[in-house]
Amino acid sequence: MFPFKSNITIDKSLKNPIYQQISQQLMVLIRDGKLSFGQKLLSSRALSEALGVHRKTITQVYDELITQGWLETKQGNGTFVAQNLPEIIPQFLEENQKNQKSKSAGFAFEKKDFLIREVIKATDKLHLDDGFPDPRLAPLADLARAYRSNLILGNSYQKLGYGDTKGSLWLRKELAKYLNETRGLNINENNLLIVRGTIMGLYLTSLAFIKAGDKVAIGESSWQSANISFLQAGAELLKVPIDENGLDVDALEELCKSHIIRLIYITSHHNYPTTVTLKADRRIKLLQLAQKYKFIIFEDDYDYDFHYQSRPLMPLASADNQGMVLYSGSFTKSISPAFRVGYLVATEDVIEHLAHYRRIIDRQGDNMLENAIAQLLHEGIIQKHLRKGLKEYKNRRDFFCEELKRVFGELVDFQIPEGGMSVWVKFADEIDIQKTTEVALKNGLYLSNGVHHNVEWKIKNYTRLGFASSTIEELREAVEVLKRSVQFTSV
C-alpha cells in the first residue's frame, strides 16, 4: 500500500485550506508517476485516519480531483487514479535537482546579450545618478487629491471600465494645449498617444515601422534603451558622430548617400549622454534630409522643461510640416520615474496605426492616473511645479559644478550644461573610474562608471553625474565621498 502519510505533509499555519494542500500534493504524486494510472486509493475514511484530518476534508479532496479529471470512481469499488492519464515514468531526483526545478526552464530559448544591462534601482545611499528628478519636490499631495477625486467621483462604469487605447481623452486634450503653448506645436488630441514612458513609445515605433535589416541611425554614443528596441526589431545601427553642437548632420548626409535609412533617433534638446544642444542650423538641415531621404525622425525630448539659460530652442516637431517627426516625452522628469505616463506626438494616421499595436501589448494605461495628471495640467499645478523645480535644479547645478571644480580641479573636465539634470564629466586618464565607482559604492555613494557610454573606447573615463535628485547638502557630501574614493591607475 502506498505510504500516503509520509508523502503528504499538512501545514496548518498556511493560509490555503487543508483540502487544497492535500489535493495539490496528490496531483504532484500523480504527475511524478509515484501514483500510477488506474491505481486504487484509500477510502476517504482510511485516508482521513492516516493523515489525521476530518473525513469530510478527504471527501472534498476526492470530489475536487474527480471534477478536474485526476481521479475517477468505480461504483462499489472505490476511488482510482484516472485511467486515461498518460503513462508517466517516475523520475527520482537528487536533492540538488529538486532545488533547480524553479530555476531552469525545460525548454530552449535564445538569450540576447544586448538585452542584458544594469537595472538602476532607487537607493537611500548618496547618488550621482543618470539625471533623475527629486521626488521630494513633486506635487504628490496634489496628485493624490486629484487621483482620489477621479477614482471616487463620476460614472464608475465609465471611469473604471475599458477606455480608449490612445489614452485618456481629457489628458490628450490638456496635453495638446500644454504642448502647443510650451513647444510651439500645432496639434489636437488626435495627434497624441499616451504611453507608459518613452521606452514604450520606442518599442511601439520599432514594432510598427522597423523591419529586420532596416538601417537606423543613432548618435555615436546613444541611449541604450533606444538601441535595444531597434536591435530587437532586427535593425542595423549606423552611428553618427556627436560634437559640441550636437549630431553631425553632414556625416548623416553622407550615410544617406550610401544607405537607405529608415529612422534616426535623436535627443535634440540635450543630447544623451553628452547634454549638448543641437544647434538651429543643424535642426533645419536634419528636417531637410528627412524630407529628401524619407526617413523617420524619432525626437526624444526627455527633459525639455529644464533649461537654465534663455528660452530653449523649439523641438524639431514644431518646424515639421511634412509629418516626418515622431515626438516623444514623459512625466518622468517633471513628477517621478514611478509614474509611468508619457506621450507620442505624430500625424493622426500614425497615431491610429500605433494605437493598434499598443492594444496587443497593453490594452490601455492607468485611466485614473492619466485623468489625475490631466486635472493637474488643467489647474496649472504641474506648470507651477515645473517653474519651481527649474529654479531649484539650477541652484543645484551651479553648486555641483562649482564643487566639482573646487574639489577635483584639473582631474575633471566638463561644460556646465545649459539644461537637463546631469553633467557630462571626463575624469583624468590617471583615474581608474571603474575601481573608483566600486570603492564609492562601498562608501555609500552610487555613480555610473560610464562603461556603457564608451563607444569602442573612444570616450574613455566619461560618465554622467546627476545632480537634480540630491539637495545641496547631499551634493556636498557626495563630492567629498567621491574624493575619498578616487583610485588611480597603476601605470
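Begin with the crossing of α6 and α14 in this predicted model, which is right-handed. Select helix α6, residues 140–152, together with α14, and you will find the two packed at an angle of about 120°, with their axes 8 Å apart; α6 and α14 are therefore oblique to each other. To display the contact itself, show the side of α6 that contributes Asp142, Leu143, Arg145, Ala146, Tyr147, Ser149, Asn150 and Leu151, and opposite them Met368, Leu369, Asn371, Ala372, Ile373, Gln375, Leu376 and Glu379 of α14. If you colour these residues by class, the contact of α6 with α14 shows nine nonpolar, four polar and three charged residues.

Keep α14, residues 367–379, on screen and add α15, which packs with α14 at an angle of about 75°, the axes being 5 Å apart. These two helices, α14 and α15, are therefore roughly perpendicular to each other. The residues to select here are Ile373, Leu376, Leu377 and Glu379 from α14, with Ile381, Ile382 and Gln383 from α15, and by class they divide into five nonpolar, one polar and one charged. Note that Ile373, Leu376 and Glu379 in α14 also meet α6.

Ile373 leads on to the interior, since the largest nonpolar core, with 81 residues, counts it among those with the most contacts inside the core, alongside Leu252, Leu286, Phe295 and Ile297. The largest share of this core, ten residues, is supplied by helix α15, residues 381–408. In soluble globular proteins, nonpolar side chains tend to be buried together.

Now centre the view on phenylalanine 295. Setting aside residues up to four places away in sequence, phenylalanine 295 touches Leu252, Cys256, Ile261, Arg262, Leu263, Ile264, Leu286, Leu289, Ala290 and Met324. A second, separate core of 27 residues can be selected next, and among its members are Val216, Trp223, Leu263 and Leu326.

For another helix pair, select α9, residues 198–209, and α10, residues 224–232, which pack at an angle of about 25° with their axes 9 Å apart. That angle makes α9 roughly parallel to α10, and α9 passes α10 in a right-handed crossing. On the α9 side the contact is made by Ile199, Leu202, Tyr203 and Ser206, and on the α10 side by Ser225, Ala226, Ser229 and Phe230. Five of the residues in this contact of α9 with α10 are nonpolar and three are polar, with no charged residue present.

Two single residues complete the tour. Is threonine 79, the next selection, buried or exposed? Threonine 79 is buried, with a relative accessible area of 11%, a value to set against the cut-off of under 20%. Its place is in strand β2, residues 78–81, and, leaving aside neighbours within four places in sequence, threonine 79 is in contact with Gln39, Lys40, Leu41, Tyr62, Leu71, Glu72 and Thr73.

Finally, move to asparagine 461, in the loop between β15 (445–447) and β16 (462–466). Although it lies in a loop, asparagine 461 counts as buried at 7% relative accessibility. Display Val425, Lys426, Phe427, Ala428, Asp429, Ile431 and Ile433 to see what asparagine 461 touches, not counting residues up to four places away in sequence. To place this site in the wider chain, draw a distance from the C-alpha atom of asparagine 461 to that of aspartate 250, 211 residues apart along the chain, and the separation is 27 Å.

Definitions and conventions. Residues numbered from 1 in each chain as written. Predicted model: local features only at pLDDT ≥ 70, side-chain atom pairs only at ≥ 80, totals over all residues. Heavy atoms only, no water. Core = buried A, V, L, I, M, F, W, Y, C linked by side-chain atoms within 4.5 Å. Buried < 20%, exposed > 50% of the residue type's maximum accessible area, 1.4 Å probe, protein only. Helix = DSSP H or I, 4+ residues; strand = E, 2+ residues; numbered from the N terminus. Contact = heavy atoms within 4.5 Å. Axes fitted to C-alpha atoms, helices over the stretch in contact; angles between N-to-C directions. Parallel < 35°, antiparallel > 145°, perpendicular 65-115°, else oblique. Left-handed = near helix turned anticlockwise from the far one by under 90°. Nonpolar A, V, L, I, M, F, W, Y, C, P; charged D, E, K, R; others polar.
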